[in-house]
Amino acid sequence: MNFPHMIYGGDYNPDQWTEDIWQEDARLMQEAGVNLVSLGIFSWAKLEPQPGVFDFAWLDQLMDLLHAHGISVNLATPTASPPAWMVRLHPEMLPVTAEGVTLWHGSRRHYCPHNPDYHQYATRIAAKLAERYKEHPALVMWHVDNEYGCHVGECFCDNSAAAFRGWLKQRYTSLDKLNFAWGTAFWGQQYGEWEEIPPPRSSPSFPNPTQQLDWARFTSDSWLACFDEQKAVLKAVTPQIPVTTNFMGFHKGIDYVKFASHEDVVSNDNYPDTSDSEWMIQAGMTCDLMRSLGNRRPWILMEQSTTHVNWRQRNATKLPGVMRLGSYQAIARGADGIMFFQWRQSKAGAEKFHSGMYPHIGADSRVWREVKELGNELPKLAPVLSSQVQSDTAILMDWESWWALDLDSKPSNDLRLMPQLMAYYAPLFKRNITVDFAHPETDLSRYKLVIAPNLYLVTDSAAANINHYVENGGTLLMSFFSGIVDENEHIRLGGYPAPFREMVGLVVEEFAPYSETQSNSICTVDDKQFKCGFWSDVIHLENAKALAAFEGDYYAGSPAITCNQFGKGNAFYVGTIPESDGMEWLIEQVCKSASIQPVSMNAPAGVELLQRTNGKSSWLFALNYSAEKVTIPFDGRGRDLLTGANFNESIYLDPTGVAIIQLDDSN
Ligand code: GAL
């Protein structure tokens with residue numbers, strides 16, 4: 001991706017409007033500083049009204065019109081919404097749920113990712129678009145499909161079952177290996193023929209966990225294969241045009257680490273509920289994931305809403321200034337583009353009450369004014385383009401472990417990864433400590449601190465990598481129920497957490513998950529007392545030192561939080577979930593031990609501080625989420641790119657205020 005300016009724009013669905021509106025759209029886009037639109041995402045039925053009969057005239061006109069107004073196009077392959085005729089001709093292309101229910105035409109994403117007819121039609125329309133527009137000057141990016149895995153995460157039809165068996169044959173090569181990996185000796189589930197293997201359709205009790213895990217891997221690979229197939233078609237014709245598809249944040253169904261490595265640029269759709277007082281933490285975490293998925297290269301916020309969405313039970317408006325704040329948060333966390341769903345608010349269809357950049361009421365509106373202001377302000381950020389966000393801290397994130405952890409029949413079925421990630425991310429966010437997300441098999445040596453919340457499944461190489469990281473001087477914070485199973489979802493025997501037992505210097509004898517009404521507390525070595533909940537590990541120290549001990553229950557007095565020196569590094573272990581003040585204490589201990597410094601010290605509550613740098617210059621982003629004016633102590637000097645104001649010693653921000661300060665010593 002190599003754009004000379006911050007990207008600004010949105011999804012553009014002109015096929016919902018008459019031609020006179022198109023002219024007005026182009027003029028208004030110019031007025032708002034729009035420079036990129038995602039065009040034709042759901043236009044398959046209009047582009048191919050009958051099988052093999054194509055109508056590009058309307059799109060030709062739009063491509064020309066947009067280009068004439070200086071607006072580039074992120075052209076979509078419209079394959080997320082197959083035309084009705086395709087369903088009439090090939091009803092077996094419709095997705096089927098685990099219970100055997102067919103999902104019909106009538107909304108969108110009504111296709112099975114394993115249907116051969118669908119694939120033929122999808123690659124054909126992608127090829128037609130590429131051929132038609134390969135030399136069009138407006139074309140600058142390809143937007144493949146839309147939100148793979150949204151609405152329909154998996155399909156259990158017979159075609160999918162056959163594709164699953166093909167995938168399993170490749171992975172295991174023999175039924176003996178599959179029977180071993182799946183532990184089919186349990187409940188007498190052995191398979192004697194490949195044909196006998198079903199997808200995990202509804203069954204009387206808990207399905208085989210390894211079957212479910214492989215199904216998750218297979219399904220994720222299937223969506224990636226859909227993308228790869230179209231990408232290959234597009235690249236064959238337009239090798240120079242970057243290809244993306246829009247992600248959905250921490251979307252469990254697709255291994256985005258794997259998927260992102262197939263994309264030219266990572267892009268994401270983010271719809272935080274800003275009526276939640278901690279929305280910025282959730283949104284920040286998603287931004288950090290996107291930056292990390294693209295190996296810290298700039299990414300694009302492909303969709304957000306200007307104000308309310310339509311799909312929550314209650315769809316709160318974004319208060320004045322909050323859309324701008326969220327947009328700058330994404331840029332501060334590494335985005336080089338801000339886009340919306342959608343340009344013009346629809347007047348019909350399921351999303352007519354979803355906000356747009358240009359609302360039903362028209363130009364005399366708060367939303368339009370905010371859209372215009374932001375679009376006309378963003379060019380001031382040109383110097384920041386392509387700069388990066390540095391981080392000393394990483395949280396380990398592995399989709400396979402997430403899938404395995406979230407399967408049922410565990411010591412506590414309430415244990416889920418996302419709240420655990422958030423429990424560690426939130427105190428770091430509040431301290432203005434920037435966090436990357438890293439896969440446990442990647443080189444971790446760039447980080448001073450690595451956090452592993454509930455890393456339940458680890459491969460041999462991930463285990464070796466993490467041990468190696470600590471041995472060589474890294475600081476690790478690992479929470480309970482980590483290192484429990486291998487990639488087959490088989491227990492790693494040898495005392496939990498077996499692959500890390502020596503590194504953490506302890507062994508867990510039993511897991512003691514709590515009932516809903518139960519709680520416990522811990523007392524720290526510096527005599528602080530914190531409540532804890534949900535789970536206790538019954539820990540025996542081997543080499544580690546206890547930093548806190550449980551106060552109640554049959555294991556009272558046994559360690560709850562520990563630290564072990566291992567090689568040149570330190571491994572902290574947490575055998576429970578401390579409440580938030582306990583988490584604050586814990587994060588303070590590990591940050592001290594790892595010499596982690598926040599972007600800036602002593603920032604008032606409700607302020608987010610981040611830094612981007614390109615090696616020559618650095619920019620401090622200060623964002624005020626609070627309803628108060630704030631003064632932020634600042635030990636540098638610099639000039640605000642947005643207002644031209646000079647700051648030294650202190651930064652002043654109004655409620656929802658933003659400053660982007662080019663630091664003097666970095667010139
Ligand atoms: C996204 C989707 C858009 C639109 C939007 C509404 O998930 O990609 O097409 O539906 O949600 O919030």
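## Strands, a ligand shell and some odd torsions

Strand E23 (residues 607-613) has six of its seven residues buried, so E23 is largely enclosed by the rest of the structure. Buried here means under 20% relative accessible area, exposed means over 50%, and partly exposed is in between, with a 1.4 Å probe and protein chains only. Strands (E, at least two residues) and helices (H or I, at least four) are DSSP runs, numbered from the N terminus.

Before you dig in: this is a predicted model, where local features need pLDDT of at least 70 and side-chain atom pairs count only at pLDDT 80 or more, while totals for chains, interfaces and linings use all residues. Residues are numbered from 1 along each chain as its sequence is written, and side-chain values use heavy atoms, with hydrogens and water left out.

**Exercise 1. Work out where in the chain confidence is lowest and where it is highest.**

Step 1: Start with the score itself; pLDDT is the predictor's confidence in each residue, from 0 to 100.

Step 2: Check the overall picture. The chain has a mean pLDDT of 97, and 99% of its residues reach 70 or more.

Step 3: Now look at the extremes. Strand E26 (residues 646-653) has the lowest confidence, with a mean of 93, and strand E14 (residues 475-479) has the highest, at 99.

**Exercise 2. Find which strands E23 pairs with, and place E23 in its sheet.**

Step 1: Fix the criterion: two strands pair if DSSP finds at least two bridges between them.

Step 2: Go to one partner. Strand E10 (residues 388-389) runs antiparallel to E23 and is joined to it by two bridges, with Val-389 opposite Arg-612.

Step 3: Go to the other partner. E23 and strand E24 (residues 618-624) are antiparallel too, joined by seven bridges. Val-607 has Asn-624 as its bridge partner in E24, and Gln-611 stands opposite Leu-620.

Step 4: Look at the connection. E23 and E24 make a hairpin with four residues between them, and Gly-615 in the turn has a positive phi of about 95 degrees.

Step 5: Zoom out. The open sheet has six strands with antiparallel pairing, ordered E10-E23-E24-E27-E25-E26. E10 and E26 are its edge strands, each pairing on one side only.

**Exercise 3. Give the strand order of the nine-strand sheet and say which strands stand at its edges.**

Step 1: Trace the order, which is E5-E4-E3-E2-E1-E9-E8-E7-E6 in an open sheet with parallel pairing.

Step 2: Read off the ends. Strand E5 (243-244) and strand E6 (246-247) each have a single partner strand, so one side of each lacks a neighbour in the sheet.

Step 3: Try a pair from the interior. Strand E2 (residues 36-39) and strand E3 (residues 72-76) pair in the parallel sense over four bridges; Leu-36 has Ser-72 as its bridge partner in E3.

**Exercise 4. List what surrounds the ligand, and sort the shell into nonpolar, polar and charged residues.**

Step 1: Collect residues with a heavy atom within 4 Å of the ligand. You get Phe-42, Arg-108, Asn-146, Glu-147, Asp-269, Tyr-271, Glu-303, Trp-311, Phe-341, Glu-351 and His-354.

Step 2: Classify, counting Ala, Val, Leu, Ile, Met, Phe, Trp, Tyr, Cys and Pro as nonpolar, Asp, Glu, Lys and Arg as charged, and the others, Gly among them, as polar. The shell splits into four nonpolar, two polar and five charged residues.

Step 3: Pick out side-chain distances to ligand oxygen atoms. A polar side-chain atom of Glu-147 sits 2.4 Å from a ligand oxygen, one of Glu-351 is at 2.4 Å, and one of His-354 is at 2.7 Å.

Step 4: Finish with area, computed by the Shrake-Rupley method with a 1.4 Å probe. The ligand taken alone exposes 310 Å², and the protein buries 94% of that.

**Exercise 5. Locate the cis peptide bonds at Gln-342 and Pro-497, and the positive phi angles of His-151 and Asn-295.**

Step 1: Recall the baseline: most residues other than glycine have a negative phi, and most peptide bonds are trans.

Step 2: Take the omegas. The Phe-341 to Gln-342 bond is cis, with omega near -10 degrees, and Gln-342 lies in the loop between strand E9 (335-340) and helix H12 (366-377). The Tyr-496 to Pro-497 bond is cis with omega near -15 degrees, and Pro-497 is in the loop between E14 and H16.

Step 3: Take the phis. His-151, not a glycine, has a positive phi of about 60 degrees and lies in the loop between strand E4 (139-143) and helix H6 (158-172). Asn-295 has a positive phi of about 55 degrees and lies in the loop between helix H10 (279-293) and strand E8 (299-303).

Step 4: Check exposure. His-151 counts as exposed at 53% relative accessibility, and Asn-295 is exposed at 52%.

Technical notes. Polar contact = N/O pair within 3.5 Å; in protein donor to acceptor, adjacent residues only side chain to side chain.
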